[in-house]
Amino acid sequence: MGKKFIKIRLKAYDHRLLDESAKKIIEAVKEADAKVSGPIPLPVERSVYSVIRSPHKYSYSMEQFEKKVHKRVIYIYDASPETVTNLLKVNIPAGVAVDIKA
């Protein structure tokens, strides 16, 4: 049997907001005396879109838009029921997607 751990993936467009929420999660887990590994930064998912400025004539004139998705992973080892209740009490701001896998 392998080690039991909780994996938390965080995604957001704003990296500052993402780091703040990761810090809140780590503080809540350390209060319950669990071991924490992370936040581990994952590669940034980058999407670039080109849009023609004029509807008819000047098709070579384009605007570029970029969307970046920042990601972090946090691993929690030796989790107790107190750790899970502390995780549920953490107030994560809007704009941060949280995915928890046990």
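Q: Why is E31 called exposed in this predicted model?
A: E31 has a relative accessibility of 61%. Exposed means over 50%, so E31 counts as exposed.

Q: Where is E31, and which surface patch does E31 help to form?
A: E31 is part of helix α1, residues 15-31. Together with E27, D33 and E82, E31 forms a negative surface patch.

Q: What makes this patch of E27, E31, D33 and E82 negative?
A: Asp and Glu count as negative, and the patch is formed by E27, E31, D33 and E82.

Q: Why is Y49 called partly exposed?
A: The relative accessible area of Y49 is 44%. Buried means under 20% and exposed over 50%, with partly exposed in between, so Y49 is partly exposed. Y49 lies in strand β2, residues 35-52. With V51 and F65, Y49 forms a nonpolar surface patch whose accessible area is about 280 Å² together.

Q: Why does A97 count as partly exposed?
A: A97 has 43% relative accessibility. Partly exposed lies between the cut-offs of 20% and 50%, so A97 counts as partly exposed. A97 is in strand β4, residues 96-101. In space A97 is 5.6 Å from L10, C-alpha to C-alpha, while in sequence the two are 87 residues apart.

Q: Which residues have the most contacts inside the largest nonpolar core?
A: They are I8, L10, I25, V29, I74, I76 and L87, in a core of 16 residues. At least two residues of this core come from each of β1 (5-12), α1 and β3 (62-77). Helix α1 gives the largest share, 6 residues.

Methods. Residues numbered from 1 in each chain as written. Predicted model: local features only at pLDDT ≥ 70, side-chain atom pairs only at ≥ 80, totals over all residues. Heavy atoms only, no water. Patch = residues over 30% accessible without salt bridge, like charges linked within 9 Å, V, L, I, M, F, W, Y side chains within 5 Å. Areas by Shrake-Rupley, 256 points an atom, 1.4 Å probe, with all protein chains shown as cover. Salt bridge = Lys/Arg side-chain N within 4 Å of Asp/Glu carboxyl O. Charge placed at Lys NZ, Arg CZ, Asp CG, Glu CD. Helix = DSSP H or I, 4+ residues; strand = E, 2+ residues; numbered from the N terminus. Buried < 20%, exposed > 50% of the residue type's maximum accessible area, 1.4 Å probe, protein only. Core = buried A, V, L, I, M, F, W, Y, C linked by side-chain atoms within 4.5 Å.
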